[in-house]
Amino acid sequence: MSSTDLKIGPHLLGIRGLSREQVEFILATAAQFVEVSERPIKRVPTLRGKTVVNLFLEASTRTRTSFEIAAKRLSADAVNIGAKDSSVTKGETLLDTVWTLQAMAPDVIVMRHPSSGAAHFIAQHLTRSAVVNAGDGLHEHPTQALLDALTIKQKLGKLTGLKIVLVGDVFRGRVARSNIFLHTLLGNEVRAVAPPTFIPPDLAQLGVKLYHDLPSALDGADVVMSLRIKTEYLQDAFIPSTDEYCRRFCITEPILAKYAPESIVLAPGPFNRGIEMSSEVVDGPRSQISKQVNYGVAVRMAVIYLLAIRQGAMNLSEHLKEHSA
Ligand code: CP
């Protein structure tokens, strides 16, 4: 299949359900958008006249800002709605909210919601707008996994034959699930290390190797992904104390230097310094955290572009050349 035959959409609800070719196609499209953010005038006219609504019914710094910037860099109109300023606070249902938004004919609705499955639910009921899942409860966060993959590809020059280690709260980690789907699809070895209470029961069935001690899990790792302890979901006592967690699972430079000396470190953010990772790791040379945020804009430009135009990216490079500043 040539890339011009590939279609993405009509929605992007998760990594599960995408083919390997579709993942590679989105990443290749995103790679073409990376340099737009390096230009003095960071804007191309690609989606002039299109409208993107960002409906964020749960807190977000990176994803919300990134989707807004991505839409604006494509010259689309971007409208942002947060939980506090939407009529959901007056009791309007989610479905009535998105039907109302759809009546204004946006091309893409990007939604974050605390309930797993919320993006799938609205996608079933919308006929005119494409839906992008920007994180739904404990379920998936597909654009985060895609930007993580682009970061790895740009840094290591490859996305196959890798040992990827997830450290921390996999149970409440939608980023973890999307990354597991993506890297098992690409044939990478995926490991998870955490206290047993942070490991969901279906993890081994997803093809993930389980560990309960950090040194064994890190052995020979290419990529270490730190997962935040997500106390905003299911506020049960998953671990006896953060001190105890930190003693066994905090990612530090001496541990990386000993067991995974060639590794790079990714974290979706936000993160807790001194609990999931030491500041030496966050700010050190292995850390790709600010690159992840940077590439996030290019990935979201690619996703919005592919869903808004619903066609292949055959002429995109010519188009970008034509409009470079
Ligand atoms: N990584 C991520 O989703 O961060 P935000 O919650 O700040 O959007």
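Of the 21 residues of helix H11, 16 are buried, so the helix is largely enclosed by the rest of the structure. The model is predicted. H11 covers residues 289-309, and the loop that precedes H11 holds Arg286. A ligand is also present, and the protein buries 92% of the 250 Å² that the ligand exposes when taken alone.

**Helix H11 and its ends**

- H11 reaches 30 Å from its first C-alpha to its last, close to the 30 Å expected at 1.5 Å a residue.
- The helix bends by about 25° at Tyr295, a residue that is also touched by Thr151 of helix H5.
- Just after H11, Arg310 takes a positive phi of about 50°.

**Ligand surroundings**

- The residues around the ligand are Ser60, Thr61, Arg62, Thr63, Arg112, His141, Gln144, Pro268 and Gly269.
- Thr61 places a backbone N or O atom 2.8 Å from an oxygen atom of the ligand.
- For Arg62, a polar side-chain atom lies 2.7 Å from an oxygen atom of the ligand.
- In the side chain of His141, an N or O atom is 2.9 Å from an oxygen atom of the ligand.

**Arg286, between H10 and H11**

- Arg286 sits in the loop that joins helix H10 (279-282) to H11.
- The relative accessibility of Arg286 is 12%, under the 20% cut-off, so this arginine counts as buried.
- Two backbone oxygens lie by its side chain: that of Pro261, 2.9 Å from a polar atom of the Arg286 side chain, and that of Ala260, which the Arg286 side chain reaches at 3.4 Å.
- Beyond its neighbours within four places in sequence, Arg286 is in contact with Glu253, Leu256, Ala257, Ala260, Pro261, Glu262, Ser263, Ile264 and Val265.

**Thr151, in helix H5**

- Thr151 belongs to helix H5 (residues 142-156) and counts as buried at 0% relative accessibility.
- Within the chain, a polar atom of the Thr151 side chain lies 2.7 Å from the backbone oxygen of Leu147.
- Leaving out residues up to four places away in sequence, Thr151 touches Leu266, Gln288, Lys291, Gln292 and Tyr295.
- Leu27 is 124 residues from Thr151 in sequence, while their C-alpha atoms are 10.0 Å apart in space.

**Ser278, before H10**

- Ser278 is placed in the loop between strand E9 (264-266) and H10, and counts as buried at 15% relative accessibility.
- Not counting residues up to four places away in sequence, Ser278 touches Cys250, Ile251, Thr252 and Glu253.
- Glu253 is also among the contacts of Arg286.

**Backbone exceptions**

- Most residues other than glycine have a negative phi, and most peptide bonds are trans.
- The peptide bond from Gly9 to Pro10 is cis, with omega near 15°; Pro10 lies in the segment before helix H1 (20-33).
- A cis peptide bond also joins Gly269 to Pro270, with omega near -10°; Pro270 is in the loop between E9 and H10, and Gly269 is one of the residues that surround the ligand.
- Ser75 has a positive phi near 70°. This serine lies in the loop between helix H2 (62-73) and strand E2 (77-82), and is buried, with a relative accessible area of 15%.
- Ala105, which is not a glycine, has a positive phi of about 60°. Its place is the loop between helix H3 (94-102) and strand E3 (108-113), where Ala105 is partly exposed, with a relative accessible area of 32%.

Conventions
Residues are numbered from 1 along each chain as its sequence is written. This is a predicted model: local features need pLDDT of at least 70, side-chain atom pairs count only at pLDDT 80 or more; totals for chains, interfaces and linings use all residues. Side-chain values use heavy atoms; hydrogens and water are left out. Helices (H or I, at least four residues) and strands (E, at least two) are DSSP runs, numbered from the N terminus. The expected span of a helix is 1.5 Å times one less than its number of residues. The bend at a residue is the angle between axes fitted to the seven residues ending there and the seven starting there. Buried means under 20% relative accessible area, exposed over 50%, partly exposed in between (1.4 Å probe, protein chains only). A residue is near a molecule or strand if one of its heavy atoms lies within 4 Å of it. A polar contact is a pair of N or O atoms within 3.5 Å; within protein, one must be able to donate a hydrogen and the other to accept it, and residues adjacent in sequence count only if both atoms are side-chain atoms. Accessible areas come from the Shrake-Rupley method with a 1.4 Å probe; for residues, only the protein chains shown count as cover. Contact means heavy atoms within 4.5 Å.
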